[in-house]
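Hi everyone, thanks for making the time. I'd like to walk you through a structure that may be new to you, so please have it open in front of you.

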Amino acid sequence: MNRVLVTGGAGFLGSHLCDRLVGRGEDVLCVDNFFTGSKRNVAHLLEHPYFELMRHDVTFPLYVEVDRIFNLACPASPIHYQFDPVQTTKTSVHGAINMLGLAKRVKARILQASTSEVYGDPEVHPQPEGYWGRVNPVGIRSCYDEGKRCAETLFFDYWRQHKLQIKVVRIFNTYGPRMHPDDGRVVSNFICQAITGKDLTIYGDGSQTRSFCYVDDLVDGMMRMMDSRADLTGPVNLGNPGEFTMIELAEKILSLVGGPSKLRFMPLPEDDPRQRRPDISLAGAELDWKPKVALEDGLKETVAYFRRVLAQ
Ligand SMILES: NC(=O)c1ccc[n+]([C@@H]2O[C@H](COP(=O)([O-])OP(=O)(O)OC[C@H]3O[C@@H](n4cnc5c(N)ncnc54)[C@H](O)[C@@H]3O)[C@@H](O)[C@H]2O)c1
C-alpha cells in the first residue's frame with residue numbers, strides 16, 4: 001500500500017482521483033484549502049479508514065510522510081484563478097517548491113498537474129509536447145499560464161539537480177460531475193444555462209474549437225503516469241483529441257437537456273485561444289492510454305449531476 005498525498009484533493013479532478021486511489025487500496029491524504037474545492041466532493045470518503053482530509057494551503061510548507069504526491073492544488077478556471085492572480089501564481093510556484101521540497105525530503109515520487117495552457121495561443125495543431133508554446137507573459141491569464149510553466153521548470157530542475165522522480169502531465173479541458181456550477185467553464189456554463197432555461201452564452205462567433213476529456217479517462221491517464229517506469233518524466237499530454245466548435249457543443253447539450261434555451265453571442269474575452277487540441281501519441285506509446293468515453297456519454301453523466309445539484 002502506498003501513502004499517497006493528493007493536493008487539491010477536494011476539487012473536481014482531485015476528488016475523482018481520491019476515489020480511484022482509495023478504491024484500489026491506497027492510503028490517501030487529501031490536502032486542500034477549499035478555495036474552489038469542497039468537503040462535499042469527498043464527504044463520502046471521510047469514514048473510510050484509509051482516507052484523511054487536511055485543511056492546508058500549499059503555499060506553506062508541509063511535513064508528512066508519503067511515498068507519492070499528486071500535486072493538483074491550483075484554481076483551474078479563469079474566473080477563479082483571476083479572482084486573486086497573485087495568490088494563483090504563488091499557489092503554482094510556492095506550492096511546487098513546497099511539494100518538491102517535501103518529495104526530496106521523504107524521497108517520494110511526485111506528479112505535477114500541468115495544463116495545456118502552457119501552450120498559450122498555439123501556432124501548431126494539434127500540440128505535441130515538444131512545442132514550446134506562445135504565451136503572453138503580462139496578460140490576465142498569465143498568472144495561471146506562467147505559474148504552471150514555472151512549476152514545470154521547477155520540476156525539471158529538481159529532477160536534474162536532485163534526481164527526484166518527477167512526472168509532469170499536461171491536462172487539456174476536462175469535464176464531468178463535480179465541476180463547479182459557476183466556474184465559467186464552457187461545459188458547466190452551457191449545461192447549467194440549459195437546465196435553468198437560460199440562453200447559452202457563446203463568446204465570439206462560436207467557431208473556436210476545444211477538445212473535451214471525460215474525468216474518468218483523465219484520472220486513468222494520471223494514475224498510469226504515476227505508475228510508469230521511473231525514468232519517464234514527461235511532459236505527457238492527457239486529453240481527448242476529438243475537436244468540437246462551441247456551437248457544436250452547445251447544440252449537443254441542448255439536445256440532451258431539451259427546453260427553450262437558444263444561443264446568445266457575446267464578445268470574445270482577452271487572450272482566448274482559437275483552437276486547442278492535444279497530440280496524445282506519447283501517452284498512447286508510453287502509457288498505453290487513450291480516452292474511451294464518448295462526448296455524448298460523458299455529457300449525459302454531467303447533465304445528470306448538474307440536475308441533482310441545481311435541484312438542491
Ligand atoms: N479541469 C481541467 O480541465 C484542467 C485542465 C488543465 C489543468 N488542470 C489542473 O488540474 C488541477 C485540478 O483542477 P480542477 O479542475 O480539479 O480544479 P479545482 O479548482 O476543482 O481544484 C483545485 C483544488 O485545489 C485547491 N486549492 C487551490 N489553491 C490551493 C492552495 N493554495 N492550497 C491548497 N489547495 C488549493 C482548491 O480548493 C481545489 O480543491 C489544477 O492544478 C489545474 O490547473 C485542470
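I'll start with the ligand, then visit a few serines, and stop at the cysteines along the way.

One thing before we go in: this is a predicted model.

Okay, the ligand. Which residues come nearest to it? There are 30 residues around the ligand, and the nearest are L13, D32, T36, Y144 and K148. If you sort the shell by class, you get 14 nonpolar residues, twelve polar ones and four charged ones.

Where in the fold do these residues come from? Helix α1, residues 12-23, supplies at least two of them, and so do α3 (85-106), β5 (109-115) and α4 (142-162). The largest share, three residues, belongs to β5.

Now look at the backbone around the ligand. A polar backbone atom of F12 sits 2.9 Å from an oxygen atom of the ligand. At N33, a backbone N or O atom lies 3.2 Å from a ligand nitrogen. And at T174, a backbone N or O atom is 2.8 Å from an oxygen atom of the ligand. How much of the ligand does the protein bury? On its own the ligand would expose 810 Å², and the protein buries 97% of that.

Let's stay with helix α1 for a moment, since it helps build that shell. S15 is in this helix. Buried or exposed, what would you say for S15? S15 is buried, because its relative accessible area is 0%, and the cut-off for buried is under 20%. Its side chain reaches the backbone oxygen of G11 at 2.8 Å. Looking past its neighbours within four places in sequence, S15 is in contact with G9, N41, V42 and R178.

Next, the cysteines. How many disulfides does a search of the whole structure find? The answer is zero. C18 and C30 are a nice pair to check here. For C18, the closest cysteine sulfur is the one in C30, at 4.3 Å, and that is too far for a bond because a disulfide needs the sulfurs within 2.5 Å. Starting from C30 you arrive back at C18, again at 4.3 Å. C18 has 0% relative accessibility, so it counts as buried. C30 is buried too, because its relative accessibility is 0%.

Two more serines, both in loops. S77 is in the loop between β4 (68-71) and α2 (78-81). With 2% relative accessibility, S77 counts as buried. Setting aside neighbours within four places in sequence, S77 is in contact with D183 and R185. If you'd like a distance to try on screen, pick S77 and A113: they are 36 residues apart along the chain, and their C-alpha atoms are separated by 14 Å.

Finally, S228. You'll find S228 in the loop between α6 (215-227) and β11 (236-238). S228 has a relative accessible area of 8%, so it is buried as well. What does its side chain pair up with? The partner is the side chain of K167, in a polar contact of 2.8 Å. Not counting residues up to four places away in sequence, S228 touches K167 along with R109 and L287.

So, if you take one picture away, make it the ligand, with 97% of its area buried by the protein and 30 residues around it. That's my tour, thanks for listening.

How values were computed. Residues are numbered from 1 along each chain as its sequence is written. This is a predicted model: local features need pLDDT of at least 70, side-chain atom pairs count only at pLDDT 80 or more; totals for chains, interfaces and linings use all residues. Side-chain values use heavy atoms; hydrogens and water are left out. A residue is near a molecule or strand if one of its heavy atoms lies within 4 Å of it. A polar contact is a pair of N or O atoms within 3.5 Å; within protein, one must be able to donate a hydrogen and the other to accept it, and residues adjacent in sequence count only if both atoms are side-chain atoms. Accessible areas come from the Shrake-Rupley method with a 1.4 Å probe; for residues, only the protein chains shown count as cover. Helices (H or I, at least four residues) and strands (E, at least two) are DSSP runs, numbered from the N terminus. Ala, Val, Leu, Ile, Met, Phe, Trp, Tyr, Cys and Pro count as nonpolar, Asp, Glu, Lys and Arg as charged, and the others, Gly among them, as polar. Buried means under 20% relative accessible area, exposed over 50%, partly exposed in between (1.4 Å probe, protein chains only). Contact means heavy atoms within 4.5 Å.
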